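The following exercises concern helix packing, open and closed spaces, and backbone geometry. Each task is followed by a solution in steps.

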Amino acid sequence: MSAIGDAARGLQYLHSLGILHRDIKPANLLVGVDGEVKLADFGLAGSIHELRMLPTMSYHVTWPPEDLATGRAFVSERGDIYALGVTAYRLFNGDSVLFQGIDAGADLSQLISSGQFPNRKAWLPHTHASLRRAVNRALEPKPEKRFSNADQFRRALEAANPIVSWAPDVIAGVMTWDGQHRGTTWRATLMEDAGAYRFELSSSRSGRATIRHRKDELLGSLSEAHSQAAAVLGRISLQGK
């Protein structure tokens, strides 16, 4: 999450100079040896006061809805904020969720302009509610409903900073999440069981036996299982217990 916060800080500085980046995406966020994230690739950047001189080409996935009709990509600071919101959504969820339910022949421009892409209701369970709200506001289809500047987005992310950060993984078809807080190691799993789904949670401390906190009854659908997992993981994220 700090990566997006660092990017928002850099974006705020650019905007204070009257410059739009216009190409925010994961590939253009570089991680330094100290872990700090820097904005990169200013090939499409330019002054907000000279929009007619800027190239129209940009990365279509992050193209702001308000600019699709004109074909002029990123003509305001809020377009950059939208692109950073798409980038955050993508980093938190992965491409499998970003393109979930999108047919090969679908009109991506129409989905973006109508606010259907990205799907702001589709989130993996480890991203808690306050963090979802912050990113979803950056993704508002109407620019006036987004953060007015990148610094506001950064502060919203910092306010949503969790006590426990989950490291998701998929092992042999089983979704897992690992987290740590004050010497306690948490492990959550979501697995398919005879056509249904089961969510389990356990924790352990150094030198102590593992404690199993819950082994839920079989859940009938993946969305139901995700909702159950999200409620538990979200609570631990914010409360550390």
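A crossing is left-handed if the near helix is turned anticlockwise from the far one by less than a right angle, and right-handed if clockwise. Helices (H or I, at least four residues) and strands (E, at least two) are DSSP runs, numbered from the N terminus. The model is a predicted one, in which local features need pLDDT of at least 70 and side-chain atom pairs count only at pLDDT 80 or more, while totals for chains, interfaces and linings use all residues. Residues are numbered from 1 along each chain as its sequence is written, and side-chain values use heavy atoms, with hydrogens and water left out.

**Exercise 1.** Determine how helix α1 and helix α7 pack, and which residues meet.

Solution.
Step 1. Axes are lines fitted to C-alpha atoms, for helices over the stretch in contact, and angles run from 0 to 180 degrees between N-to-C directions. For α1 (residues 2–16) and α7 (residues 150–159), the axes lie 8 Å apart and the angle is about 160°.
Step 2. Angles under 35 degrees count as roughly parallel, over 145 as roughly antiparallel, 65 to 115 as roughly perpendicular and the rest as oblique. Helix α1 is therefore roughly antiparallel to α7.
Step 3. The α1 and α7 crossing is left-handed.
Step 4. With contact meaning heavy atoms within 4.5 Å, α1 contributes Ile4, Gly5, Ala8, Arg9, Leu11 and Gln12, and α7 contributes Ala150, Asp151, Phe153, Arg154, Leu157 and Glu158.
Step 5. Ala, Val, Leu, Ile, Met, Phe, Trp, Tyr, Cys and Pro count as nonpolar, Asp, Glu, Lys and Arg as charged, and the others, Gly among them, as polar. The contact of α1 with α7 then has six nonpolar, two polar and four charged residues.

**Exercise 2.** Describe the two contacts that α6 makes with α3 and with α7.

Solution.
Step 1. The axes of α3 (residues 77–93) and α6 (residues 129–138) come within 7 Å, crossing at roughly 140°. Helix α3 is therefore oblique to α6.
Step 2. This crossing of α3 and α6 is left-handed. On the α3 side the contact involves Ile81, Tyr82, Gly85, Ala88, Tyr89 and Phe92, and on the α6 side Leu131, Val135 and Ala138. Its classes are eight nonpolar, one polar and no charged residues.
Step 3. For α6 and α7, the axes come within 9 Å and cross at roughly 165°. The pair is therefore roughly antiparallel.
Step 4. The crossing of α6 and α7 is also left-handed. Leu131, Ala134, Val135, Arg137 and Ala138 of α6 make this contact with Gln152, Phe153, Ala156 and Leu157 of α7. Seven of these residues are nonpolar, one is polar and one is charged.

**Exercise 3.** Characterise the largest pocket, the second largest pocket and the largest cavity by volume and lining.

Solution.
Step 1. On a 1 Å grid over the protein atoms alone, a cavity is a set of points where a 1.4 Å probe fits but cannot get out, and a pocket is an open set with protein on both sides within 12 Å along at least five of seven lines; lining residues have an atom within 4 Å of a point. Grid points are joined across faces, edges and corners, and a volume is the space filled by probe spheres set on the points.
Step 2. The largest pocket holds about 270 Å³. It has 14 lining residues, with Lys121, Ala122, Trp123, Ser223 and His226 closest to its centre. Helix α8 (residues 222–239) supplies five residues, the largest share of this lining.
Step 3. The second largest pocket holds about 200 Å³. Among its 12 lining residues, Phe92, His126, Leu131, Ser165 and Trp166 lie nearest the centre. Seven of the lining residues are nonpolar, five are polar and none is charged.
Step 4. The largest cavity has a volume of about 50 Å³. Its lining includes Tyr82, Phe117, Pro118 and Leu139.

**Exercise 4.** Which residues are joined by a cis peptide bond, and which residue that is not a glycine has a positive phi?

Solution.
Step 1. Most residues other than glycine have a negative phi, and most peptide bonds are trans.
Step 2. Phe117 and Pro118 are joined by a cis peptide bond with omega of about -10°. Pro118 lies in the loop between α5 (108–113) and α6.
Step 3. Arg22, not a glycine, has a positive phi of about 70°. Arg22 lies in the loop between β1 (19–20) and β2 (29–31).
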